[in-house]
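Hi,

Here is the structure I promised to pass on. Have a look at it first, and my notes on what turned up follow right below.

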Amino acid sequence: MITNTTETTTSGAELDSDTAANWDTVSAVPGRAYGDVAASVDVSITGVNADGGETNWAGLTVHTQNPTDRQAGYLVGLRNNGEVFVDRSAATIAKAKVPGYTAGQTVILRAVTRGSTLKVYAGSTELISLTDASYPVGNVGLATGAASAWFDNVRLNPGTNPVEGAAVTASSSYENDGWSKNALTDGRRSLPTGTNGWSSIDNLSVDHTESVTAGLGAARRISRLDLFGRADGANTGLGFPVDFTVQVSSDNATWTTVADKHDYPRPGAGAQTFPFTPTTARYVKVTGTKLSADQFGDRYMQLGEIAVG
Ligand SMILES: [Ca+2]
């Protein structure tokens, strides 16, 4: 993903060392046009030019018409004062603050486009949602403006999971230590640090039922649900339900069961895929009716990510 000469790669991360007053340093894969796409990068700003100081930025370009030009398309940037902005044709059309940002910290910056909707996240936190039809398709790239920055873990998902970024409801949710409902649809499937999935509250030793529901945003024809369990070393597969159903609904009230599993073995890393007869749905729900116990006898339900197709 390198088309300019001011970058070096170390330990899998990419350093853009251009701290000169160069506002248009962009790296991209030329010739790739993405429509619906989720683009994510771990970014930390390591230095800023005195001209502009902490308002200098690093981030992503999406739907750009020229891969090395940030003007024709959308620029999703993080300033070192914690502001995230979306520029279109070099004019800011939306901005928001990363909660609790401190200069130089690593932010998982993610842009998700669906049709004419562009959403921007910091980790699992939605910061910006806007509708704009000016650039429906184009390139994805990395960009800096008068800042040096580390880029790592670049991920592109060309719009194959309509529940990514979806609002999630759950029977209970442990909203701490990075666990959250929203982390079920944040595009990060594994749990390398134990901080990017959903967990029910974890202090119940009695078996019980837990459920989680995600919306697709609109009615869609789907025929598959993928569940990703934990994938963090010895905890891999922990919290995956033993008995569970997968249900779909058009109104979040009347449900049709499309999968009913019993004595499901503790899975490894990777997708657990449940195909079903193609159906039109707007919501999907997974209900665990028998939960597994951890080494302390506590029973809870945990998932890293959910996907449909
Ligand atoms: Ca996740």
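Buried residues make up 41% of the 309 residues in the protein chain; a residue is called buried if 20 or more other C-beta atoms lie within 10 Å of its own, exposed if 12 or fewer, and partly exposed in between, with C-beta atoms placed from the backbone. Bear in mind that this is a predicted model: local features need pLDDT of at least 70, side-chain atom pairs count only at pLDDT 80 or more, and totals for chains, interfaces and linings use all residues. Numbering starts from 1 along each chain as its sequence is written.

On confidence, pLDDT (the predictor's confidence in each residue, from 0 to 100) averages 87 over the protein chain, and 87% of the residues score at least 70. The part to be careful with is residues 1-12, where pLDDT stays under 50 and the model has 27 contacts beyond four places in sequence. A contact here means two residues whose C-beta atoms, placed from the backbone, lie within 7 Å. Where pLDDT is low, the predicted coordinates should not be read in detail.

As for the fold, the secondary structure comes to zero helices and 21 strands. Those are DSSP runs numbered from the N terminus (helices are H or I, at least four residues; strands are E, at least two). Among contacts between residues at least 6 apart in sequence, 71% join residues at least 24 apart.

Now the cores. A nonpolar core is a set of buried Ala, Val, Leu, Ile, Met, Phe, Trp, Tyr and Cys residues joined through C-beta atoms within 7 Å. The largest one has 37 residues, and Leu60, Val76 and Leu109 have the most contacts inside it. The elements giving two or more residues to this core are β4 (37-48), β5 (57-64), β6 (74-79), β7 (83-88), β9 (107-114), β10 (117-122), β12 and β13. Of these, β4 supplies the largest share, seven residues. Leaving out residues up to four places away in sequence, Leu60 touches Ala39, Val41, Val76, Leu109, Ala111, Val140, Leu142 and Ala143. There is also a second, separate core of 26 residues, which includes Ala214, Tyr283, Ala307 and Val308.

Next, strand pairing, where two strands count as paired if DSSP finds at least two bridges between them. β4 runs antiparallel to β9, with seven bridges joining the two, and Val43 has Val107 of β9 as its bridge partner. β4 also pairs with β13 in the antiparallel sense, over nine bridges; here Ile45 is matched with Ala149 as its bridge partner in β13.

Further along the chain, look at β16 (residues 210-228), which pairs with β14 (residues 168-170) in the antiparallel sense over three bridges. In that pairing Thr169 stands opposite Thr213. β16 is also joined to β19 (residues 271-290) by 14 bridges, again antiparallel, and Arg220 stands opposite Ala281 there. Four bridges link β16 to β21 (residues 305-308), and these two strands run antiparallel as well. Leu227 has Ile306 in β21 as its bridge partner.

A few single residues are worth a click too.

- Asn80 is in the loop between β6 and β7, yet it counts as buried because it has 24 C-beta neighbours inside 10 Å. Not counting residues up to four places away in sequence, Asn80 touches Ile45, Val48, Glu54, Asn56, Ala103, Gly104 and Ala147. Asn80 and Gln105 are 25 residues apart in sequence, with 8.7 Å between their C-alpha atoms.
- Ala146 is another loop residue, between β12 (139-145) and β13 (147-157). With 22 other C-beta atoms within 10 Å, Ala146 is buried. Its C-alpha lies 8.7 Å from that of Gly47, although the two are 99 residues apart in sequence.
- Asn153 has a positive phi of about 55° without being a glycine. Asn153 sits in strand β13 and is partly exposed, with 14 other C-beta atoms within 10 Å.
- Asn252 also has a positive phi, near 65°, in a residue other than glycine. Asn252 belongs to the loop between β17 (243-249) and β18 (256-261), and it is exposed, since 12 other C-beta atoms lie within 10 Å.

Cheers
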